[in-house]
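Work through the exercises below with the sequence and the structure side by side, and try each task before you read its solution.

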Amino acid sequence: MNLISALLEQRTGQQIAANRAWRIETALKPLLRERGLASLDELVAQLVATRTGDLGDQVVDALLNQETSFFRDAAVLDMIADATKAMQAEIGRKARIWSSGCSTGQEPLSLAMLFDERGMGEGTNAPEIVATDISPAALTRARAGHYSQFEIQRGLPVRRMMTWFDSNGGDWAAKPELLRRIQFRQHNLTADAPPPGKFDVVLCRNVLLYFSQEVRREVFAILASAIRPGGLLVLGAGETVIGLTDRFRPCEQYRGFYRAIDSAPVKRAAFG
């Protein structure tokens with residue numbers, strides 16, 4: 001258990017709390033069956049013996065928490081769409097959005113649908129959405145845009161489902177015009193440089209929960225370097241910047257959001 005936990009933390013920065021160690025065996029059972037292994041001890045023996053990173057990659061990928069759904073915390077996504085529309089009117093260009101830890105893609109797809117409903121779906125009004133995740137398997141699914149009946153029903157109203165998805169056997173496939181609005185990239189939040197360019201809005205929801213306070217401070221520094229002064233950072237409900245960084249301050253207009261600041265005075269935007 002300790003070796004596997006250490007591998008996850010080394011590769012991703014994520015920690016598994018002692019009271020959640022049961023997740024290790026549950027998450028790795030499919031991999032044990034796939035490799036014909038009887039126990040975690042046999043898996044660890046292979047990890048120690050092998051000189052390739054393939055098995056380690058598979059173990060880490062299996063341990064990552066990919067819990068997500070369409071329109072998760074819908075009120076927060078509505079505020080992001082409203083803030084983005086106001087921001088674009090203020091800055092006079094399309095906004096750049098970074099969805100970090102996007103898992104299998106439901107969050108950025110939900111944003112793309114909301115932007116379209118607010119008249120920002122195509123052309124010069126369409127925000128640029130970059131969505132990243134550390135998991136190659138999750139990104140493969142996100143790029144394909146294929147979801148099971150269970151996944152499609154989690155948070156996605158029928159009207160939006162019929163507008164943006166096509167039935168594909170027992171599953172549903174996102175329409176190409178929706179997928180084209182998102183750039184999916186692999187990215188390790190604790191090890192890689194941010195995607196190129198400055199962003200106006202960065203979502204990093206329910207990712208920091210799995211990091212130590214020291215790693216959270218490092219991640220906030222990375223996020224601050226990726227957001228233009230005055231831009232917005234959106235965290236999960238159980239996450240905060242307070243006591244961890246001075247590069248963000250609470251946003252007055254959008255409750256729960258944070259405004260990026262830097263050492264130079266920042267002109268206050270009309271939308272926040």
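A residue counts as buried under 20% relative accessible area, as exposed over 50%, and as partly exposed in between, with a 1.4 Å probe and protein chains only. The model is predicted, so local features need pLDDT of at least 70 and side-chain atom pairs count only at pLDDT 80 or more, while totals for chains, interfaces and linings use all residues. Residues are numbered from 1 along each chain as its sequence is written, and side-chain values use heavy atoms, with hydrogens and water left out.

**Exercise 1. Salt bridges**

Task: Find which residue forms a salt bridge with arginine 118, and decide whether each partner is buried, partly exposed or exposed.

Solution: Begin with the criterion, which asks for a side-chain nitrogen of Lys or Arg within 4 Å of a carboxyl oxygen of Asp or Glu. The partner of arginine 118 is aspartate 82, and their closest N and O atoms are 3.0 Å apart. Next, place the two in the chain: arginine 118 lies in the loop between helix 6 and strand 2 (128-133), and aspartate 82 lies in helix 5, 36 residues apart. Here helices (H or I, at least four residues) and strands (E, at least two) are DSSP runs, numbered from the N terminus. Finally, compare with the cut-offs: arginine 118, at 21%, is partly exposed, and aspartate 82, at 39%, is partly exposed as well.

Task: Carry out the steps for arginine 228 and aspartate 200.

Solution: The side chains of arginine 228 and aspartate 200 meet in a salt bridge at 2.4 Å, N to O. Since arginine 228 belongs to strand 8 (residues 227-235) and aspartate 200 to strand 7, the pair ties together parts that are 28 residues apart in sequence. Both arginine 228 and aspartate 200 are buried.

**Exercise 2. The surroundings of strand 1**

Task: Establish how many residues of strand 1 are buried, and which strands pair with strand 1.

Solution: Strand 1 (residues 96-100) has five of its five residues buried. Look at each face in turn: Arg96, Trp98 and Ser100 are buried on one side, and Ile97 and Ser99 are buried on the other. Two strands pair if DSSP finds at least two bridges between them. Strand 1 pairs with strand 2 in the parallel sense over five bridges, and tryptophan 98 has valine 130 in strand 2 as its bridge partner. Strand 1 also pairs in the parallel sense with strand 7, over three bridges, where serine 99 has leucine 203 as its bridge partner.

**Exercise 3. An open sheet**

Task: Determine in which order the three strands of the open sheet stand, and which of them are at the edges.

Solution: The order is 3-5-4, and the pairing is antiparallel. Strand 3 (146-147) and strand 4 (165-168) each have a single partner strand, so one side of each is left without a neighbour in the sheet. Strand 4 meets strand 5 (residues 171-174) over four bridges, and serine 167 stands opposite tryptophan 172 in strand 5.

**Exercise 4. The largest nonpolar core**

Task: Find how many residues the largest nonpolar core has, and which of them have the most contacts inside it.

Solution: A nonpolar core is a set of buried Ala, Val, Leu, Ile, Met, Phe, Trp, Tyr and Cys residues joined through side-chain atoms within 4.5 Å. The largest has 40 residues, and Phe70, Met113 and Phe165 have the most contacts inside it. Helix 6 (residues 106-117) gives the most to this core, with six residues. Another core, of 23 residues, lies apart from it and includes Phe248 and Tyr258.
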